[in-house]
Amino acid sequence: MAPPSKSRLTQPLVRENGAHRPATWDEAMGRVTAAFKKSIAKGDPRDFGMFSCSKTTNELNYTAQKFVRSVMGTNNIDSCNRT
């Protein structure tokens, strides 16, 4: 197995004042959670969508669609299964 590329990201980056800066995983996940909650609070199902991949497992695709429909409250999920 080849060693990872030196240009590979090893920690999250967050955008601040138009530039990216390193962040902790807790801060990055907190920002994602806040954005999801904001989307849910708006109540517009067109606000969120997800694209899943046909090369992943059925279980992961099932979990993704359950999350989008149950948590985010939208049917806006698609995948590349038709290609």
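This is a short talk through one predicted model, from its confidence to its helices, its core and its salt bridges.

Hi everyone, thanks for coming. Since this is a predicted model, let me start with confidence. The chain has a mean pLDDT of 89, and 98% of its residues reach 70 or more. Where is confidence lowest, and where is it highest? The low end is strand 4, residues 77–79, with a mean of 86, while strand 2, residues 19–22, sits at the top with 96.

Now the helices. Helix 1 has 18 residues, and at 1.5 Å a residue they should span 26 Å; the C-alpha atoms at its ends are 26 Å apart, so the geometry agrees. Right after helix 1 comes Gly-43, with a positive phi near 75°.

Helix 2 covers residues 58–71. Its 14 residues should span 20 Å, and the end C-alpha atoms are 19 Å apart, which agrees. Helix 2 is also followed by a glycine, Gly-73, with a positive phi near 75°.

Which residues of helix 2 are buried? They are Asn-61, Ala-64, Gln-65 and Val-68. These residues cover an arc of only 90° around the axis, so they lie on the same side of helix 2. On the face turned away from that buried side, you'll find the exposed residues Glu-59 and Ser-70. As for what covers the buried residues of helix 2, strand 3 and strand 4 are among the elements that do.

That brings us to the core. The largest nonpolar core is made of five residues: Phe-48, Ala-64, Val-68, Met-72 and Ile-77. Ala-64 and Val-68 are also on the list of buried helix 2 residues. If we leave out residues up to four places away in sequence, Val-68 touches Phe-48, Met-50, Gly-73, Thr-74, Asn-76 and Ile-77.

Met-50 deserves a moment of its own. Met-50 sits in strand 3, residues 50–52. Is Met-50 buried or partly exposed? Its relative accessibility is 27%, so Met-50 counts as partly exposed. With the same sequence neighbours left out, Met-50 touches Ala-64, Phe-67, Val-68, Asn-76, Ile-77 and Asp-78. For a sense of distance, the C-alpha atoms of Met-50 and Ala-2 are separated by 32 Å, and these two residues are 48 apart along the chain.

Last topic: charges. How many salt bridges does a search of the whole structure find? The search finds six. One of them pairs Arg-31 with Glu-16, with the closest N and O atoms 3.7 Å apart. Arg-31 belongs to helix 1, residues 25–42, and Glu-16 to strand 1, residues 13–16, so this pair ties together parts that are 15 residues apart in sequence. Both partners are partly exposed: Arg-31 has a relative accessible area of 37%, and Glu-16 has 35%.

Another salt bridge joins the side chains of Arg-21 and Glu-27, at 2.5 Å from N to O. Here, too, Arg-21 is partly exposed at 24%, and Glu-27 is partly exposed at 26%.

Then there is Asp-44 with Arg-46, whose side chains meet at 3.1 Å, N to O. Asp-44 is partly exposed, at 27%, whereas Arg-46 counts as exposed, at 70%. Going back to the other two pairs, salt bridges that share partners join Glu-16, Arg-21, Glu-27 and Arg-31 into one network.

That's my tour. Happy to rotate the model on screen for anyone who wants another look!

How values were computed
Residues numbered from 1 in each chain as written. Predicted model: local features only at pLDDT ≥ 70, side-chain atom pairs only at ≥ 80, totals over all residues. Heavy atoms only, no water. Core = buried A, V, L, I, M, F, W, Y, C linked by side-chain atoms within 4.5 Å. Buried < 20%, exposed > 50% of the residue type's maximum accessible area, 1.4 Å probe, protein only. Contact = heavy atoms within 4.5 Å. Salt bridge = Lys/Arg side-chain N within 4 Å of Asp/Glu carboxyl O. Helix = DSSP H or I, 4+ residues; strand = E, 2+ residues; numbered from the N terminus. pLDDT = per-residue confidence, 0-100. Expected span 1.5 Å × (residues − 1). Arc of directions from axis to C-beta.
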